[in-house]
Amino acid sequence: MPVKINVQQAALVTLTLVLFLGTVYSVKNGTYLDTSDPLLTNLPHHLQKTDYFANKSNFLNVWFIKRAWGWTSFAFLFLWLTSPHHTQTMRRVFLWAVESLVWLAFTSWFFGPALFEQLNVASGGECTVFLPSGAFFPVPHEYCFTNSPLSALTHPSLFASPLLLPEGPWSTVPRLRRGHDVSGHVFLLTMSILFLADQLQPSLRAATWPAMRKWAVLSAAGLIVIWLFAIGTTSVYFHTPLEKFTGYRLAGYGAVTLVNGY
């Protein structure tokens, strides 16, 4: 029987509630890590020994969140191929392509550095080298934009000061710190949830559900549940409240709203 609820609106309300409650919990209990603070960023999360999802090496982060748009794209393709023929429109493919470009612009390249990196620098971010001794110092932004490995052997001019360097071969990749670090996880997960929820609608409205369509719907719905759980863990353990809000409102929700306007 066709489902008449607006799946995207229901998903938006749910993820907003999860993100809000997780952020409130993180502030009240001091569970989040300020990932843009250079004094904290190279330290393990203070809860990783007691809270599994506070460790960045947890399976959810490694196997799902870091590959979120790939999983989302697979679920979309499965949905599109099993949707009723009259709903297999090129507009749906176009929306997926545009959102893929938005993802690339924010995370990889936008006429130079990714938009996240440009926003970080514009808000006062510094490209910072961290030494094993715990010391850190700024270097030109270009080294962060290119993810260039740095060492005393390859870039002696950067390490001319009498710093406590380790013995033997050693190198490090600098990172942008101090600026506003928009939560990439919240951005990507918000975009993925709202996009998949919107793409579920044509299949749910169908009068008949062949076996493959049922599997496609279950796969997409299951992935949305995983992304909601990931939003919850991110909101509890990582980023400041403002960084999570901008990832949700200005990037994730804003990108989906812009794309759906076409």
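This is a short tour of a predicted model, stop by stop, with something to select at each one.

**Stop 1: the disulfide**

Start by selecting C127 and C144. A disulfide joins them, with the two sulfurs 2.1 Å apart. In case the term is new, a disulfide is a covalent bond between the sulfur atoms of two cysteines. The structure holds one disulfide, so once you've found this pair, you can stop hunting for others.

Now look along the S-S bond of C127 and C144: the torsion there is about 95 degrees, which makes the disulfide right-handed. Where do C127 and C144 lie? C127 is in strand β1 (residues 126-130) and C144 is in helix α6 (residues 142-145), so the bond ties together parts that are 17 residues apart in sequence. Switch on a surface and check the pair: buried or exposed? Both C127 and C144 are buried.

**Stop 2: strand β1 and its partners**

Keep C127 in view and select the rest of β1. This strand is mostly covered, with four of its five residues buried.

Next, add strand β2 (residues 136-139). β1 and β2 pair in the antiparallel sense over four bridges, and V139 in β2 is the bridge partner of C127. Five residues sit between the strands of this hairpin, and G134 takes a positive phi near 105 degrees.

Then add β3 (175-177). β1 pairs with β3 too, in the antiparallel sense, over three bridges. Here E126 stands opposite R177 in β3.

**Stop 3: the salt bridge**

Stay on E126 and select R178 as well. These residues form a salt bridge, and their closest N and O atoms are 3.2 Å apart. How many salt bridges does a search of the whole structure find? One.

R178 sits in the loop between β3 and α7, while E126 belongs to strand β1, so the salt bridge links parts that are 52 residues apart in sequence. R178 counts as partly exposed because its relative accessibility is 46%. E126 is also partly exposed, at 30% relative accessibility.

**Stop 4: the largest nonpolar core**

Time to move to the helices. Select L79, F187, I193, L196, L200, I224 and W227: of the 43 residues in the largest nonpolar core, these touch the most other members. To see where the core comes from, colour α1 (7-29), α2 (59-64), α3 (68-82), α4 (90-107), α5 (115-122), α7 (184-204) and α8 (211-237), the elements that give it two or more residues. Which element gives the largest share of this core? That's α7, with twelve residues.

Zoom in on I193. Leaving aside neighbours within four places in sequence, I193 is in contact with A11, L15, I224, W227, L228 and I231.

There's also a second, separate core of ten residues; V129, F137, Y143 and L176 are among them.

**Stop 5: the listed transmembrane regions**

For the last stop, borrow some selections from a record. An unreviewed UniProt entry lists residues 62-81, 93-111, 182-197 and 217-238 under "transmembrane region".

Try residues 93-111: this span is 79% helix and 0% strand, and its end C-alpha atoms lie 24 Å apart. Then select residues 217-238, where the chain is 95% helix and 0% strand, with 31 Å between the end C-alpha atoms.

Methods. Residues are numbered from 1 along each chain as its sequence is written. This is a predicted model: local features need pLDDT of at least 70, side-chain atom pairs count only at pLDDT 80 or more; totals for chains, interfaces and linings use all residues. Side-chain values use heavy atoms; hydrogens and water are left out. A disulfide is a pair of cysteine sulfur atoms within 2.5 Å. Buried means under 20% relative accessible area, exposed over 50%, partly exposed in between (1.4 Å probe, protein chains only). A nonpolar core is a set of buried Ala, Val, Leu, Ile, Met, Phe, Trp, Tyr and Cys residues joined through side-chain atoms within 4.5 Å. Contact means heavy atoms within 4.5 Å. UniProt positions are given in the numbering used here, feature names are shortened, and annotations may be inferred rather than shown by experiment. A salt bridge is a side-chain nitrogen of Lys or Arg within 4 Å of a carboxyl oxygen of Asp or Glu. Two strands pair if DSSP finds at least two bridges between them.
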